[in-house]
Amino acid sequence: LTIMGEARMDPSPPDTAQQDSLFSMTDVFLISLIIGLFTYWFFFRKKKEEIPDMPKMQTVVAPQRDSSFIEKMKKTGRNIVVFYGSQTGTAEEFANRLSKDAHRYGLRGMAADPEEYDLSDLSRLSEIDKSLAVFCMATYGEGDPTDNAQDFYDWLQEADTDLSGLRFAVFGLGNKTYEHFNAMGKYVDKRLEELGAQRIFELGLGDDDGNLEEDFITWREQFWPAVCEHFGVEATGEESSIRQYELVVHTDVNMNKVYTGEMGRLKSYENQKPPFDAKNPFLAKVTENRKLNEGGERHLMHLELDISNSKIRYESGDHVAVYPANDSSLVNQIGEILGTDLDTVMSLNNLDEESNKKHPFPCPTSYRTALTYYLDITNPPRTNVLYELAQYATDTGEQERLRKMASSAAEGKALYLSWVVEARRNILAILQDMPSLRPPIDHLCELLPRLQARYYSIASSSKVHPNSIHICAVTVEYKTKTGRLNKGVATNWLKSKVPDQNGSSSLVPVYVRKSQFRLPFKPSTPVIMIGPGTGIAPFIGFIQERAWLKEQGKEVGETVLYYGCRHEREDYLYREELARFQKEGVLTQLHVAFSRDQAEKVYVQHLLKKNKENIWKLINEGMAHIYVCGDARNMARDVQNTFYEIVSEFGNMSQAQAVDYVKKLMTKGRYSLDVWS
């Protein structure tokens, strides 16, 4: 500025003045630039200086879940930890019951999901006085651990930890109709002992094909006396009901913060985000729902679910999990009997503030939502539910009856078996048949188990239908001994899903569960598929894929299907599709057993015997892969026995050698099962 002033004051010749003027303009430009840069720097510097201060303000970091169950037990004064490997919730339920039992013996228990903790800490459990680890382990699939116990299983296999200070007991949950009955329970029991742990009570083996509840009660009534003897403690005589959750009723609540059926994240059904899994299912639209059978009393159906834009990937042989909803009429009847406003918004909050499980189901929510989407109201309740409810029966006879059924006495077990299990009485039927039993609805909601997802073998190939998942199912409907009509939750709900242009009536919450049920790596490998009834589902996907591979110019091996149904003109599923595949040369052999079209029943195993020479040739020379899908209790076992006979006859082997041969096929992945009971 001074320079500019001085320039103006000096008289100069014209040339000099022009130079001075030019010089002044340059100065103006430079000074303006300097001022601009200085101003920019000043404000930019201010912002830069403020940034480091922001993290200082955010000193509170979200707490991470403590992976040490030992520290948690010490902090909360627990000495018994009950781990559960659970796929459908039953093992978790048993674990909760055992942990609640502990207080009766002056001990304190906690149920724990092994997925949430570092199980190598088992070696430190002896740091806690009178400590004990109990394992309620379900076996899943073909002798596999449940999803939440997979890491624990892997750790056990690799561990060389000294567990000599650990005291333990194991109760296994299995099903005798499956090849590897209670494999997980047996393995955990054996492996813990190998690592030096001390078993304080014998392994319990529950059989879901028989009476799992009775097996558990029988084991439990002998388990606790063994614990008392080992630790030198006695039963305190406290048999009172202990609530795990407290009720909070929300009178003034923002409905945008209330769960309406979501499995995990609030509003996840309105704002869908992948990846989709058990806690974040995808809402798939039903694009087709057609009846497959032409006659008969049953309703067999084919559904197609649209998974476009979900990023869900599946392979032939995988399962699709479906979250169903309970029948609204059953829900309304429970509300009416208990005199409850089902639209009351509430939360059930865990009284144990240290528990990882804050609520029994997503909260806050309404009773209607809980009974519709979150709770199992159609299966016969277990004995612990009856025991807890007994206190609310005002009629002494009904109260005694409930307590007797919940007891471990032989007479009580027999009564529970006949009056509840065999009569298939669900909670509504029990409330109807015991007029004085009117429990608070919140306690009932606390006691009922969670409504579980239903799994279906996918009846399509992702190579042919990348944006669609197909389901083949039969609606379950039967009369009980009390004359009531019981309906399967999921199949009847799916039956009602009619494709429409818009609206939520056709939406189904789903996710895909991977399976080991896979086509051979080489398309040229022959396959023998055995799947009567809806067991045909995965094979429709397999055949679609083999047809696609053939179209791609690949050499596709023999594709053989053994299918069975009751009547050719009633329930021959996918008849047209199978005929087309056979005509195209993809399905090289199709053998169908119509079990009730003649005097003597004919099943798939009879057709296998009829073609035994060809079967042996495919297995022995063609290195064929065998697949069996359907009923585990009878069909799968009969088919397996037939393979023993074929192998024994044509392989010149003894029965024991034939059994060993088939078992080796299973080990090599050449004999696969996708069965249910």
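**Strand pairing and helix packing in the predicted model**

Strand β11 pairs with strand β18 (residues 507-513) in the antiparallel sense over four bridges, two strands being paired if DSSP finds at least two bridges between them. The model is predicted, with local features requiring pLDDT of at least 70 and side-chain atom pairs pLDDT 80 or more, whereas totals for chains, interfaces and linings use all residues. Residues are numbered from 1 along each chain as its sequence is written, and side-chain values use heavy atoms, without hydrogens and water. Helices (H or I, at least four residues) and strands (E, at least two) are DSSP runs numbered from the N terminus.

Within the pairing of β11 with β18, His 319 lies opposite Arg 513. Strand β11 also forms four bridges, in the antiparallel sense, with β14 (residues 454-457), where Tyr 456 is the bridge partner of Val 320. Strand β11 (residues 319-322) is covered on both faces, with His 319 and Ala 321 buried on one side and Val 320 and Val 322 buried on the other; buried denotes under 20% relative accessible area (1.4 Å probe, protein chains only).

These pairings belong to an open, antiparallel sheet of six strands in the order β14-β11-β18-β9-β10-β15. Strands β14 and β15 (468-474) are at the edges, each pairing on one side only. Seven antiparallel bridges join β10 (residues 300-306) to β15, and Leu 305 stands opposite Ile 469.

Elsewhere, helices α20 (residues 612-620) and α21 (residues 632-650) pack at about 80 degrees with axes 10 Å apart, axes being lines fitted to C-alpha atoms over the stretch in contact and angles running from 0 to 180 degrees between N-to-C directions.

How values were computed. Buried < 20%, exposed > 50% of the residue type's maximum accessible area, 1.4 Å probe, protein only.
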